[in-house]
Amino acid sequence: MRLTLRTSFLLLGLAWLPLALRAQLLAGGEDAALACRQARLSQAARSAATTGASVRHRLKMDRYDVKWYKLDLALENNSRALAGSALLLVRVGAQPLDSLAFELYQAPVGAAPSAATLTIDSVVVGGQRSPGVLRRGQEATAALAQPAPAGSQLAARIYYHGTAPNGNTSAIGNAFNTATSYRRAGVDYPYNVTWSLSEPFSAHEWFPCKQVLTDKADSSAVSVTTTLPNKVGSNGVLRRTVPLPGNKVRYEWSSRHPIAYYLISVAVAPYVEYTTAASLPDGSRVPVVNYVYDQASLAYYQGGIDQTGRLLGNFSQLVDNYHFADEKYGHSMAPIGGGMEHQTMTTLQDFGFTLVAHELFHQWFGDNVTCASWHDIWLNEAFASYGEYLSMQAFDTPTNVRAWMDDAQARARLEPAGTVYVPDTTNVSRIFSYNLTYKKGAAVVHLLRYLCHDDVRFFRVLRTYQRQYGNSTARTADLQRLFETELGQSLDYFFAQWYRGNGYPIFNVRWNQVGNALFLQVNEGVTNGATPAFFQTEVDYQLTFQDGNTRSVRLSQAQASQGFSVPVSGTVAAVAVDPAGWLPDQPGTVQRDNALVLAAPAASVPALSFFPNPARSQLTIADLPASATAEIIDATGRVVGRQPVLAARPQVATQALAPGLYLLRLFSAEGAVVGQGRFTKE
Ligand SMILES: [Zn+2]
């Protein structure tokens, strides 16, 4: 999901930003609008009446597994009135079931008689009418005429009608909404459109459901009866449209892919349909079905819509084939204030390049693999945001690509006290914190890519993640484990720093050159209140020589104050920290210090004794007191390998190294350097 605000709010919303950044954001146009969604979200969250069912009710819902949602509703494009039924096909768990618990919105006790509410007409389970439905707020429990045996399948049809709530009663989704105009190029045009937006927990405001992320339905179907010339956009494939008396039509959509409750959607309006096709790397073609407001909008947005195909191809190439290729991808337009990644049918307000890319990448990160908890929402949003960056890398200029990441990192630094991890999952504005969940999250994905040293490895992890957790849900620990497997090292320190931790490192560098030795003394500070107080990371340094040549060295910052000696030929004129902008560090100082001479590289670190040297396939470390992590650094200062070394078996594999001179450095579990020494690989 990516939401924006109108321009009038935008300027107010930006007032708190530093001037330079404000100018940069305003110049950025589309992205700029996102700055102020915070304000709106906070307001929405304050007034949100619903954040999910009680623990007790959830336990009741967890006694079954949802297999299928089949909605059959009457909807119009000018009203939030709803009528129809929802079929929930469920599998009963290990205990027999005497009642079926689910969620459906109900007006608060004492609300005006005219208040929006959804009334249950009847619940029919296994062909028998429920003897009674108990309702408490959004929690509904239908008694079963006969207990359902453990492990059995149960079909429950819930007939209901009413008006979906809106505004104050909803979370940011305004789960069900209707509008009488849309805006294009700053002009409002009269137009009636009704749409859903259920994330994070507003699906119950328009259909009976179980709002538990980890229980995806195996498949879904949405049928909607409406008045012509309305069309209805939804998930999966349009199986058929059925003409009905009285100028009505029924759209019948269904999908055979697992789906999270909040990704089921509808959009109803007198759309024009514009369908293209995307080619995937495996040679298959996917229809891209677009429900656009009208011909004028189609003419205006066609260029933007037509980008979808190559974006789909690029993501499929980089990560994994589009998972829903056997059905479709598509867009339904609605004045939604941004976009929402409804599975196979994104709802969006316009076709801006990064908005289309963001919602599309969600089909991998969010839809195919869904975060298992709202604590882990960055698994959806940070990756979708990184999809904007990946798309720009493929199709935009290097300057714009760099500006995107610089902006993301600058926004992350606006929140030195915040974490990517969401501590309070009842707070909608915190879940969707633009600076933390989206931008800091994207900066952390970028750091994972940096840590891999190699895009082949980075994208291999993303592909494995898609294949291992596809059709299902994942937690941050699952992603961590996959990167650890790829890199052969524990990443506890990385996720402690960047996911659970807050704040940013600051690199203050003094440097000097004596003969062919360049000395760097790097003192790492952190922003106020940072946790942890030290960030272990590699840092690239760009050396600019007097003749104008440049060279980059990657050095591993293993302690807060560290000296490096880098062999150079030529005279160094300047040193720059992190020239490619991989790190979200707070800029520090770089000074030449003619008095700086480092006797030997980090003389305080104990010398390791190991054999044989020169080495062939492995080195054995003598007197290793405790298990450690070994880092191998080549003659240019680049880290070329990392591996755990066990005290019980103190060996370092060197087989894969090219012949040459290397530095071996050992780190304790706490990240301190406990020894180092040079060796030659034959
Ligand atoms: Zn998103």
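**Entry 1. The eight-stranded sheet**

I began with an open sheet of eight strands, whose order is 6-5-9-3-2-12-15-14 and whose pairing is mixed. I noted strand 6 (128-129) and strand 14 (237-244) as its edge strands, each of them pairing on one side only. The model I am reading is a predicted one.

Within this sheet I looked up the pairing of strand 2 (residues 64-74) with strand 12 (residues 219-227): the two run parallel and are joined by seven bridges. For the register I recorded Asp72, whose bridge partner in strand 12 is Ser223.

I then followed the chain out of strand 12. Pro229 lies in the loop between strand 12 and strand 13 (231-233). I checked the peptide bond from Leu228 to Pro229 and found it cis, with omega near 5°.

At the other end of the strand order I examined the loop between strand 14 and strand 15 (248-255), where Asn247 is found. I recorded a positive phi of about 65° for Asn247, although this residue is not a glycine.

**Entry 2. The three-stranded sheet**

I next looked up an open sheet of three strands, with the order 4-8-7 and antiparallel pairing. Strand 4 (97-103) and strand 7 (133-136) stand at the edges; each has a single partner strand, so one side of each is left without a neighbour in the sheet. I also noted the twist: with direction ignored, neighbouring strands here are turned by 25° against each other on average.

For the antiparallel pair of strand 7 and strand 8 (residues 139-148), I recorded four bridges. Arg135 is placed opposite Ala140 of strand 8.

**Entry 3. Helix 8 and helix 11**

I turned to helix packing, for which two packed helices are described by the angle between their axes and the distance between the axes. Helix 8 (residues 378-395) packs with helix 11 (residues 434-452) at an angle of about 70°, and their axes are 8 Å apart. Angles of 65 to 115 degrees count as roughly perpendicular, and that makes helix 8 roughly perpendicular to helix 11.

I listed the residues that meet: Trp378, Glu381, Ala382, Phe383, Ser385, Tyr386 and Tyr389 come from helix 8, and Thr437, Tyr438, Lys439, Gly441, Ala442, Val444 and Val445 from helix 11. Sorted by class, this contact has nine nonpolar, three polar and two charged residues.

**Entry 4. Helix 12 and helix 13**

How far apart are the axes of helix 12 and helix 13, and at what angle do the helices pack? For helix 12 (residues 455-469) and helix 13 (residues 476-487) I noted axes 10 Å apart and an angle of about 135°. The two helices are therefore oblique to each other. I recorded the crossing of helix 12 past helix 13 as right-handed.

On the side of helix 12, the contact is made by Arg457, Arg460, Val461, Thr464, Tyr465 and Tyr469; helix 13 contributes Asp478, Leu479, Leu482, Phe483 and Glu486. I classed the residues of this contact as six nonpolar, one polar and four charged.

**Entry 5. Strand 24 and its partners**

I then examined strand 24 (residues 505-514), which is joined to strand 25 (residues 517-526) by ten bridges in an antiparallel run. Ile506 was found opposite Gly525 of strand 25. Strand 24 and strand 25 form a hairpin with two residues between them, and in the turn Gly515 has a positive phi of about 60°.

I also looked up the pairing of strand 24 with strand 30 (residues 590-592), which is parallel and covers three bridges. Here Arg510 stands opposite Gln591 of strand 30.

Beyond strand 25, I located Pro532 in the loop that leads to strand 26 (537-545). The peptide bond from Thr531 to Pro532 is cis, and its omega is near 5°.

**Entry 6. The two assigned domains**

Finally I consulted the domain assignment of the protein chain, which gives domain 1 (505-604) and domain 2 (610-681). I noted 23 Å between the C-alpha centres of domain 1 and domain 2. The contact involves nine residues of domain 1 and ten residues of domain 2.

Which element supplies the largest share of the side of domain 1 that touches domain 2? I found that strand 27 (residues 550-557) does, with four residues. By class, I recorded four nonpolar, three polar and two charged residues on that side of domain 1.

Note on methods
Residues numbered from 1 in each chain as written. Predicted model: local features only at pLDDT ≥ 70, side-chain atom pairs only at ≥ 80, totals over all residues. Pairing = 2+ DSSP bridges. Axes fitted to C-alpha atoms, helices over the stretch in contact; angles between N-to-C directions. Parallel < 35°, antiparallel > 145°, perpendicular 65-115°, else oblique. Left-handed = near helix turned anticlockwise from the far one by under 90°. Contact = placed C-beta atoms within 7 Å. Nonpolar A, V, L, I, M, F, W, Y, C, P; charged D, E, K, R; others polar. Domains from an automatic or database assignment.
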